[in-house]
Structures are given as C-alpha cells and as structure tokens.
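User: I am new to this structure and would be grateful for a close look at its nonpolar interior. Please set that interior in the context of the whole chain.

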Amino acid sequence: GNAIIMLTIAGTIIWQSGFLLLQLAGLARTDSNMGFFDGSFTNPGLMGGFLAISLSALIPFTVRKERHDWLWVTCILAITMGLIALPATLSRASVLAFSACLATWLIKRRQFRIAIGMACMALAAGIYAYGMKKESADIRGYMAKACITLLSENNWKGYGPGSFPQQYARYQMSHFASGRFTEKERLSANVPTNCCNELIESGMEYGLPFMLTVLALAIWVIYRGIRQGVPWSYPLMAWAVFSLFSYPTVSFMLRYLGALSLAGTVTGICNGPESSTTSMGIRKTIALTLPCGLVACACITAGNLEWTRQRIAATREFGIGQIWYDQGDFRTSVRNWERISQHMDHSSAFLFQYGVALNQVRQYRKSDSILHVCEQLSMDPMIRIIMGDNALAMNDMELAEACYRQSFLTVPNRITPLARLADLYHLKGDSARYAGIVEEMKSFIPKIDNHTVRSIRNGYIGDN
C-alpha cells in the first residue's frame, strides 16, 4: 500500500517539477499573475507547499527502503527534481515547512551537524526570499495583525464559517475610517479571500476553543508520530507548518495530502509499540476506517459540488460568455449567463462579471442583487464601484457616494474610487468637494503606479 502511494506521489512530483522547470526555461507558460513559476497550480506558494509536503513523505520512505529497485530509482529522481524546483517557487512558507520537517527527521536520526547546517541554510534562504518578496511579507504581517484583532473581538463563538472576507473588510474599513493608520498599512491593504494562516482563520470563524482544540490535537498527533517513528508524521508536520503561513485547504491536492498524512500518522500510532495496551479490536477498527473516512471527507469537502456535471457545464458556458464579454457584447453575455447563474453562485469571478454585464445593459437592480451575492465571497472594492454606478444610474446620488467611499475605505490605495467621487461631485455641481478630491489625487500614492493610474490622475489634474 505504501509503495503504491509513494509511487503516485513520486510521479506527481516529477510531473509538477518538470512542468515548473519548463516554465523556468521559458518553454511553458505560467498562470501566476505575479510571473512566478507554479507548475500546474495557479499560485507558486501552493506549488511550493505541494513539493514541501510530498518531499517530506518521500525522503523518509526512500531512505528506509532496502531494495534499490525501479521504485527506489523513481523516488530518487523525484526527490532530485523536487529539491531543484522548490527554491524556484520563492515560497518562504514552503522552504520553512520542508526545512523544519527535514531538520526534525535528521535530529531523530541523530544527524545533529547536518540538521544544524540545514537550519542555517533555511535561515539564509528565508532572508533572501524576504528580500525578494518584501511587499508580500509586509502584507502578511498587516493581515496577521488584523486577523488577531478580529479573533480577540469575538473569540468564543467566532463569526461563522465563510465569514472571513466580510469581517476582514469590515475591520479594514473601520481602521482606515478612524484615520489612525500608517502609510505602510495603507499601501499594504488588500482584499484577501483567506487569512494566509489556517489556524487563525479557524479561530475567527469557529471560535477560540475550536482553534485551541485543533492546535492541541495537531501537536499531540505529530509528537506521538515522530516519537514512535511513524514516517507519515513528517509530511503531516510539513502540512501543519505550511498552513501557519499559507492556505493549503484551497487546493484539492494539498487537502488530499493532509488527510492522507493524518490518516497514516494516526494509523501508525495505533499500531505502534506504545499502543500495546489498547484493545486490538479498537486498534484494527481505527486502522481500517480512519484512512478511508479521512480521504473520503477530503474528497467530499474538496469537491464542494463544483465537480458535478451541472457546474462543469456551467463553467464551460461561463468561458464562452467571456469571449462576448471581452468584446463588449454584454447582451449576448447576459443571455448566456442567465441560464447558468444558479450553478455559478460559488464563483466570485462569474458573479462580478455578470453584475458588470447587467450594469452595461441597464438592468441595474438585478446587477445589484448579483453583486450582493458576490460580496459574500469577495470584498473586492470594484464590487462597490459597480454598485455605486448602478445607484447613480437610478439617480440615487447619496447611495452612489456611500458606495464609492466604502470602496475607497476598504482598500485606500486605489485611485478608481476617487475618480468616481470626483465625477459624482462634478455632476452634482459641488465644485468645492470636486476640487478637494482633485487636490487629494495630486498627492495620492497608489499601491501600483502604472500607465492606467497615471492617465486617470492626469485627466483630473488637467481639468483643474
């Protein structure tokens, strides 16, 4: 059983690492909007997490294998390619998770000098990665501060499952509305869909007791597994460390690896020498049912109904409608998307584009209803921009102004809300407030200063 699983993991590492190395050589396209190398994932961090967890499973298995057969050669090839590909992702969380896991494994084998050298190399790599992605590190630090504040506000009950985007946006709006923020915080503001820390996010949504229970169980299982020499405890440790700095639960492959590692660790603990006092019947029952149950739960949770036939067909139809959307034929897009909207309520990208298309064909109230659903999944400030446009088209200038201001306070490093406010005040004939907004735009420093931002700013400064 272990051989089949390890062969599958090794094959996947070879496939993903080979794909990443082709991207590195410029022979394959990357889907990452940051231009990093991410294999078949859409995020280099998740690619790095997969490599860190998979290598943590494969290395102990390969070292313990006595026969140097074709499986051993395949594992060695996978480990070599994975170790080359991992640094190319520039994922600090992945390097830290793999280094912590490998150092623990080496210490367990009494290879103290190698473990210390590995720790030093990991520290140097972390410092280098921080310098390469300092802006990302600053954003993570700001997010951690915000999430801990939210956790302390409602620590016993939590805000409920799936509530992170709304609560984070609420915190950010009140924080920037208070005026007590630094320029670094303003430039670090963004609209995440997750906390980049699975533990804190679980505490926010389900409460502090749930978070502490999960933490205690995770530490106990990993400690017992390592103490009893269970190989699966190392990928479980890598998964746990990675989850403290990233979001592995958004990826089916990482969820599957996490469930598999947990099942293997618990099974190994139950069958270990320290469990000899446990009833044989209970041990066998746990050993047989826990892996199947965890893997089944991971598959059901990961699917989240999005692999059903209706949603696959709806996703395909969404892609066809995007062709018309990109060409400006919004009526055709609306006709296509109206049929699939009930199957795409899980996709913030679809809901936003559908709301924009409805705005363009002057179905303002329906656009608002779609965008309200979209806000449950994402707090992108552009959602409030379109809702403000809908309100303005229906001559509700007060609501339009409120929407534009909420959009700006959610992420106060984007110039579009200011431009909309300037247009609104110009339309109302409020020259004083219009001049105030234009004056603010003159000294405004955006998070991303590109040609579009400069064109927007110059258009208003020229008018003034």
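Analyst: The following account begins with the chain and then turns to its interior. This is a predicted model, in which local features need pLDDT of at least 70 and side-chain atom pairs count only at pLDDT 80 or more, while totals for chains, interfaces and linings use all residues. Residues are numbered from 1 along each chain as its sequence is written, and side-chain values use heavy atoms, with hydrogens and water left out.

The chain has 22 helices and zero strands (DSSP runs, H or I of at least four residues for helices and E of at least two for strands, numbered from the N terminus). Of its 464 residues, 48% are buried (under 20% relative accessible area, with a 1.4 Å probe and protein chains only). Among contacts (heavy atoms within 4.5 Å) with a separation of 6 or more, 64% join residues 24 or more positions apart.

A nonpolar core is a set of buried Ala, Val, Leu, Ile, Met, Phe, Trp, Tyr and Cys residues joined through side-chain atoms within 4.5 Å. The largest such core has 68 residues, and Ile13, Leu58 and Leu254 have the most contacts inside it. Helix 2 (residues 44-64) gives the most to this core, with eleven residues. Leaving aside residues up to four places away in sequence, Leu58 touches Met6, Ala10 and Ile13, as well as Cys75, Ala78 and Ile79. A second, separate core has 22 residues, including Ala314, Tyr325, Phe330 and Val356.

Conventions
Buried means under 20% relative accessible area, exposed over 50%, partly exposed in between (1.4 Å probe, protein chains only).
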